[in-house]
Amino acid sequence: MIVHVDADRCCGAGQCVLAAPEVFDQRDEDGTVVLLDASPPAALVREVADAVAACPGGAIRLEEGTPR
Amino acid sequence: MATATTTHPAPRGTCPFAPPPAYRQAGPDEPVSKVALWDGTPCWLVTRHQEAREVLADPRFSADATRPGFPFLSAAARHLGGGKTSFIRMDDPEHGRLRRMLTGDFTIRKTAALRPAVQQVADELFEKMTTGRTGADLVADFALPLPSLVICLLLGVPYQDHEFFQRCSRTLLRRDSPIEEVVAAQDELTAYLDALTDHKRTHPDDGILSRLVARGELATEDIGAMGRLLLIAGHETTANMTALSVLALLRHPDQLAHLRAHPEATPAAVEELLRWLSIVQSGVTRVATEDAEIGGVLIRAGEGVICQINAANRDEQRYPDGDALDLTRDTRRHLAFGFGVHQCLGQPLARLELEIALDTLLRRLPGLRLAVPFEEIRFRHEMTVYGIESLPVAW
Ligand code: HEM
Ligand code: SF4
């Protein structure tokens, strides 16, 4: 599973951190997303998918075709 | 747009916690319907979860109230025309530029670090409310002062002025306030926050207003407008959520018993209460800037849209048996804080305050009960944010 984030679209609501704290964090300065792990283990697929769906800014994307 | 059959706001039905039945009669085959606003203006009403998310995430729907066609939900709101409302009524990139000056203050980590301070505020209010007493008004003595004290602390606003700003924000949030009163409240609050902001220029502290001043990027009136937005949004919402949550739990003894037996379930309970109560009863308004198809309906550029959060959060397709308060259900993706780039900035704080408020009250007052018949509780039908005026309880 490969994860991409687009900090320009991030509105800093922190939904990703709540959904998958192992994979996402927020910058202290402006709350925008920090990707802790761009290729998280398959065991976290549910959490990461949750973060994608919960992100209000559409800032998180799972790379097509990555084995999940 | 053809003529509408339903008016907005529609009256609530027999259950004071449930959204107005008229919003939901639209039903599964009509995700987007027409309503008439208070002055007869037609507007689109989105009542389903999927479509509400689509609209709120779609940049073709603008939050800028100065654009033609923006739906105003009261005469006073139209009169103010979205003036001085800060970034909640702006679009990106300007919205994002201003919002990002604050997001660092409301991250999950920053907010979690506030827990001891918020707990201390709650403990002090609790002591004052309960010492030597067997009953209180939970709104005046606990639910309202808790978030008011916290947002004052964060912004650097003196809490001693709370009666003033609470009165102004109530006037601003009433749909039926006379225009002159709303203008006066807006002007008073603006003058107050502008003066406070200027004061911070010479008397800096570590509050948000001072830090916005220190950035040197914003005029006093822009900082004042942000301060007003945070001050109003930061206390009215959580205060009403707290009071309504306690009332809802007292009316659902099985759910209350579950929560008391499982203290670790408080965060999940807060999410379900947010969904079930969906207190932003006005819905969230946008105007289309281009033609856009939503739920099979063509919305034309310049037409207004209301995303009816309380109906969407009980959409049976997303939340089976959505009318039931079930603290154990899967509440993910509820829309109580909105969706899209305007999704509530203060949500981590609201969650923290609600958790602490419920924990403090329920654990320490095992005999908590209503002190008046349920029928005597007055619900705030005329407010943008739903709630109750007072909640007489005993223990
Ligand atoms: C239970 C409590 C709360 C609820 C239900 C709530 C609900 C909402 C909703 C639905 C929106 C979206 C409005 C829109 O899209 O037009 C919003 C935005 C906002 N809320 Fe909250 N809110 C709560 C607490 C708070 C608190 C405690 C604060 C302040 C610290 C706050 C500050 C804001 C701000 C600044 C915005 C505008 C964000 C933007 O436009 O980017 N809210 N809130
Ligand atoms: S959920 Fe989306 S918008 Fe919110 S912090 Fe994470 S990436 Fe940013």
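A polar contact here is a pair of N or O atoms within 3.5 Å. Keep that cut-off in mind, because a polar side-chain atom of B:H342 lies 2.6 Å from an oxygen atom of ligand 1, within the 3.5 Å allowed. One thing to know before we go on: this is a predicted model.

**Around ligand 1**

B:H342 has company. The ligand has 29 residues around it, and the ones that come nearest are B:H95, B:R99, B:R286, B:H342 and B:C344. Three of these reach an oxygen atom of ligand 1 with a polar side-chain atom, as the table shows.

| Residue | Partner | Distance |
|---|---|---|
| B:H95 | oxygen atom of ligand 1 | 2.6 Å |
| B:R286 | oxygen atom of ligand 1 | 2.8 Å |
| B:H342 | oxygen atom of ligand 1 | 2.6 Å |

Which parts of the fold build this shell? Four elements of chain B give two or more residues each: α4 (94-103), α12 (220-251), β6 (284-288) and α16 (347-364). The top contributor is α12(B), with seven residues. Sort the shell by class and you get 20 nonpolar, seven polar and two charged residues.

Ligand 1 also carries an iron atom, so which protein atom is its donor? The only protein donor is the SG atom of B:C344, at 2.3 Å. If you want to find B:C344 in the structure, look in the loop between α15 (309-312) and α16 of chain B.

**Where chain A meets chain B**

Now turn to the place where the two chains touch. Chain A brings 25 residues to the contact, and chain B brings 17 residues. Together they bury about 1,700 Å², with carbon and sulfur atoms giving 42% of that area. Three residues stand out on the chain A side: A:C11, A:D28 and A:P56 supply 28% of the area that chain A buries against chain B, more than any other three residues.

What holds opposite charges face to face here? Side chains of opposite charge can pair when their charged atoms come close. Between chain A and chain B the count is four salt bridges. One of them links the side chains of B:R109 and A:D25, with N and O 3.2 Å apart. There are also 13 residue pairs in polar contact across the interface.

The touching side of chain A draws at least two residues from each of α1 (15-19), β2 (24-26) and α2 (45-54) of chain A. Of the elements on that side, α2(A) gives the most, with four residues. By class, this side of chain A has 10 nonpolar, six polar and nine charged residues.

Over all chains, the salt bridges come to 34. A:D50 and B:R333 form a salt bridge, their closest N and O atoms being 3.5 Å apart. Why does this pair join two chains? A:D50 sits in helix α2 of chain A, while B:R333 is in the loop between α15 and α16 of chain B, so the pair bridges the two chains.

**Some backbone oddities in chain B**

Most residues other than glycine have a negative phi, and most peptide bonds are trans. Chain B has a few spots that go the other way.

The bond that joins B:H8 and B:P9 is a cis peptide bond, with omega about 0°. You'll find B:P9 in the loop between β1 (6-7) and α1 (21-25) of chain B. Another cis bond runs from B:D92 to B:P93, and there omega is near 10°. B:P93 belongs to the loop between α3 (75-80) and α4 of chain B.

And which way does phi go at B:S278, positive or negative? It's positive, about 35°, even though B:S278 is not a glycine. This residue is found in the loop between α14 (266-277) and β6 of chain B.

Methods
Residues are numbered from 1 along each chain as its sequence is written. Chains are lettered from A and ligands numbered from 1 in the order in which they are written. This is a predicted model: local features need pLDDT of at least 70, side-chain atom pairs count only at pLDDT 80 or more; totals for chains, interfaces and linings use all residues. Side-chain values use heavy atoms; hydrogens and water are left out. Contact means heavy atoms within 4.5 Å. Buried area is the accessible area (1.4 Å probe) that two parts lose on being put together, summed over both. A polar contact is a pair of N or O atoms within 3.5 Å; within protein, one must be able to donate a hydrogen and the other to accept it, and residues adjacent in sequence count only if both atoms are side-chain atoms. Ala, Val, Leu, Ile, Met, Phe, Trp, Tyr, Cys and Pro count as nonpolar, Asp, Glu, Lys and Arg as charged, and the others, Gly among them, as polar. A residue is near a molecule or strand if one of its heavy atoms lies within 4 Å of it. Donors are N, O and S atoms within 2.8 Å of the metal (3.2 Å for Na, K and Ca); water is not among the atoms, so sites may look incomplete.
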